[in-house]
Structure formats: structure tokens, C-alpha cells
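Good morning, and thank you for making time for this presentation. Please have the sequence and the model open as I speak.

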Amino acid sequence: MVEVSNITKCYGDKKAVDNVSFTVNSGEILGFLGPNGAGKSTTMNIITGYLSSSSGTVTIDGCEILDDPKGAKSKIGYLPEIPPLYMDMTVQKYLEFMYDLKKVKLDKEEHIEEVCRLVKISSVSHRLIKNLSKGYKQRVGLAQALLGNPPVLILDEPTVGLDPKQIIEIRNLVKSLGKKHTVILSSHILSEVQAICDRVVIISNGRVVADELTENLSKTLIKSNRLRVQVEGSKTKVISKLENIRDVKSVKTEREISTGIYEYIVDAQENCDVRSKVFFAMAEEKTPILLMQSADLSLEEVFLKLTNDTNYSNQKGGND
């Protein structure tokens, strides 16, 4: 478990991080997001112990990072955006070197073999790191983070610069690691966060503006349930019928798909599922539904709204 409690970091009169708090539970994958200059990297550096905070505490699996830095850091596996690799070493020699540096107590040969199998680099273990592809170098960086089986993994942009196939492989690997480790994942690829993470924390102007389960983030922000519905039939009749459904707040025509087929956005009251009511209402009108799906904001839209909406950010920040 990782507990970040009221951390603040000041550079002169400027607060790079302002009273940030969140908790990451064991076995949870947390996506940590923020625009450039939001304080994301500073927060990550404080969590890893690379920087000290001006105030507040960070506790890693029971060890406070300032009171017991050795104990806390021994529980962290860290993959920076640019992995700390020695290019003139073979993969095997590099991992042996990192094993000794970290003072890992597990059986050396067996443990390194296990980590290589896990990240699928066994076939290149005797090659020089400088001769590896970007994807394999990233895997080697991840392997060093896993040495010692730390309970907490902190991954900063783990798929940056990879091709689509490599991205999918690393994503799948991170998801599998989440079963045994607490993972904090920083990424600018929002679709990646949506695919991997259980929860999302978004930081803007040094403050947390959102902390939600990934699947609930949009609903929490817009405070409604939104459906996208495509219906064949008279637009006037369809809108009238939809607006008269209990718990429907509003109906908006999005576009005409083809002659006589329109797409509508149906906003319902918070925590109200109106899908069955929409189905039966259209059946009564004998207007077939061709598509009905959730129309919640995408993570990209949520991110932009939270980080661009000054009023919302200030309101949330005032409650931190």
C-alpha cells in the first residue's frame, strides 16, 4: 500500500505540489495523470524518495519515506521514463549488477531467470544492451525494477517510444503485474490508462482535481447517465416519446445517419438506468432502435475538462 498524505513542495514562493493526498491499495493499478507543469513528476519523485517534500508524508508498505528511507526504497521498483541502463553490459551482467546493488536476498541465478521469463527477455540475456531494440531495452528496465520482488512498482511512461505491438505486450505485462504488486503508472497516453488502470488520479496546478475508479470518472464528472441512441422513424415523434420517459433529463439530436435514421443523446438522472424504458417506449411507437450504447465522456474529454476548467479545478482544490 502507498499512502500519500498532504504533501507540499515549494520552490521559493511557488508551490509545485499543493497538499496532495491519495492512497493506492495493494494489488491496485493507479493511473497518475496531469498536464505538463502540473506537479506530476515532482509528486512521483517525492514518492520514490528522490526529492523530499516541504511538508506531508509518504508511506510505502508501512515505511515512511523520510523516517526510514532505506526500508521504504527497498519496497519500491522504479522504472523512469528513460531506463537507467548500462549500454556496454549484457542483459545478464546488468541484472546481476543491479541485483548486487539492491542487495537482494533471493537466490541470485534463480531469481534473475524468473524475472527474465516474466518480462520475456530470456532469449536476449547474453546480448549487449546497446544492440537491443527500444522495446527490449524497456523490458530490461522493467526487469531491474522487479528485482527483489518489491511490493510497489512505479512506472513512468513505460510504453513511450514503442511500436503498437510492443505497447500491447507491455500493457498486458503491467496488467499481470497488478495481480501481485501495487502499481502507480504515469502516462500521457490516456487510452493506455483507460485500458490498464483500476483507478485514476488527475493533478492540475499542483492539486488533485479527480480521484475516481476509471469506470466511474465520467459519471462522477457529468452527474448523469448518458445514452447514444440511433432510431429509425419520425424525429418529432421519437424526441417527444423520449422526453416523456421518467428520469430522462434531456434529449438532443446529434445527426442524421441516413434518410429517416437519427442519432440522439439521451441524458438521464444520476444513478438512473433508462435503457429498458427507452426500449419499450420505442417499441410502443414502432420505431426500431438500431444502436444504443453508453455515451459517457471519454477519459480524454474528462482530462481536458478537469485540467482546463479553472472553476472546477479551483472548487476541487479548495476541498483538498
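I shall begin with a pair of helices: H9 passes H10 in a right-handed crossing. Please bear in mind throughout that we are looking at a predicted model. Helix H9 covers residues 235-243 and helix H10 covers residues 275-285, and their axes come within 10 Å and cross at roughly 140 degrees. Angles over 145 degrees count as roughly antiparallel, under 35 as roughly parallel and 65 to 115 as roughly perpendicular, with the rest oblique. The angle just given therefore makes H9 oblique to H10.

Which residues of H9 and H10 meet? From H9 they are Lys237, Val238, Lys241 and Leu242, and from H10 they are Val278, Ala281, Met282, Glu284 and Glu285. Divided by class, the residues of this contact of H9 with H10 are five nonpolar, no polar and four charged.

Let me now step back to the protein as a whole. The protein has twelve helices and 14 strands. Its C-alpha trace spans about 75 × 50 × 30 Å along the principal axes. Of the 320 residues in the protein, 47% are buried. If one takes the contacts between residues at least 6 apart in sequence, 69% of them join residues at least 24 apart.

I turn next to the nonpolar cores. In soluble globular proteins, nonpolar side chains tend to be buried together. In this model, the largest nonpolar core has 45 residues, and the members that touch the most other members are Val91, Leu95, Ile121, Val140, Leu142, Leu155 and Ile202. Another core lies apart from it, with 25 residues, among them Phe32, Ala38, Cys63 and Ile203.

Leu95 deserves a separate look. What does Leu95 touch, once residues up to four places away in sequence are not counted? The list is Ile112, Cys116, Ile121, Val140, Ala143, Gln144 and Leu147.

Leu95 also leads us to a second helix pair, since Leu95 is one of the H3 residues that meet H5. Helix H3 comprises residues 91-102, and its axis and that of H5 come within 9 Å and cross at roughly 25 degrees. That angle makes H3 roughly parallel to H5. H3 passes H5 in a right-handed crossing. On the H3 side of the contact are Val91, Tyr94, Leu95, Met98 and Lys102, and they meet Val140, Ala143, Gln144 and Ala145 in H5. By class, this contact of H3 with H5 has seven nonpolar, one polar and one charged residues.

H5 has a further partner in H6. Helix H5 runs over residues 134-146 and helix H6 over residues 164-177; their axes come within 11 Å and cross at roughly 15 degrees. H5 is therefore roughly parallel to H6. The crossing of H5 past H6 is right-handed. H5 contributes Gly135, Arg139, Leu142 and Leu146 to the contact, while H6 contributes Gln166, Glu169, Ile170, Leu173 and Leu177. The contact of H5 with H6 has five nonpolar, two polar and two charged residues.

Let us move to helix H1. Is H1, residues 40-48, mostly covered or mostly open? H1 is mostly covered, with seven of its nine residues buried. The buried residues in H1 are Lys40, Thr42, Thr43, Met44, Ile46, Ile47 and Thr48. After H1 comes Gly49, whose phi is positive, near 90 degrees.

Thr42 of H1 brings us to Ala16, since Thr42 is among the residues that Ala16 touches. Ala16 lies in strand S2, which covers residues 14-24. Is Ala16 buried or exposed? Buried means under 20% relative accessible area, and Ala16 has 14%, so Ala16 is buried. Leaving out residues up to four places away in sequence, Ala16 touches Lys9, Tyr11, Ala38, Gly39, Thr42 and Gly206. Ala16 and Gly37 are 21 residues apart along the chain, and their C-alpha atoms are separated by 8.1 Å.

My last residue is Leu213, which is found in strand S10, residues 207-213. The relative accessible area of Leu213 is 35%, which means that Leu213 is partly exposed. Aside from its neighbours within four places in sequence, Leu213 is in contact with Asp198 and Arg199. Leu213 and Tyr264 are 51 residues apart in sequence, and C-alpha to C-alpha they are 27 Å apart in space.

That concludes the presentation; I would welcome your questions.

Technical notes. Residues numbered from 1 in each chain as written. Predicted model: local features only at pLDDT ≥ 70, side-chain atom pairs only at ≥ 80, totals over all residues. Heavy atoms only, no water. Buried < 20%, exposed > 50% of the residue type's maximum accessible area, 1.4 Å probe, protein only. Helix = DSSP H or I, 4+ residues; strand = E, 2+ residues; numbered from the N terminus. Core = buried A, V, L, I, M, F, W, Y, C linked by side-chain atoms within 4.5 Å. Contact = heavy atoms within 4.5 Å. Axes fitted to C-alpha atoms, helices over the stretch in contact; angles between N-to-C directions. Left-handed = near helix turned anticlockwise from the far one by under 90°. Nonpolar A, V, L, I, M, F, W, Y, C, P; charged D, E, K, R; others polar.
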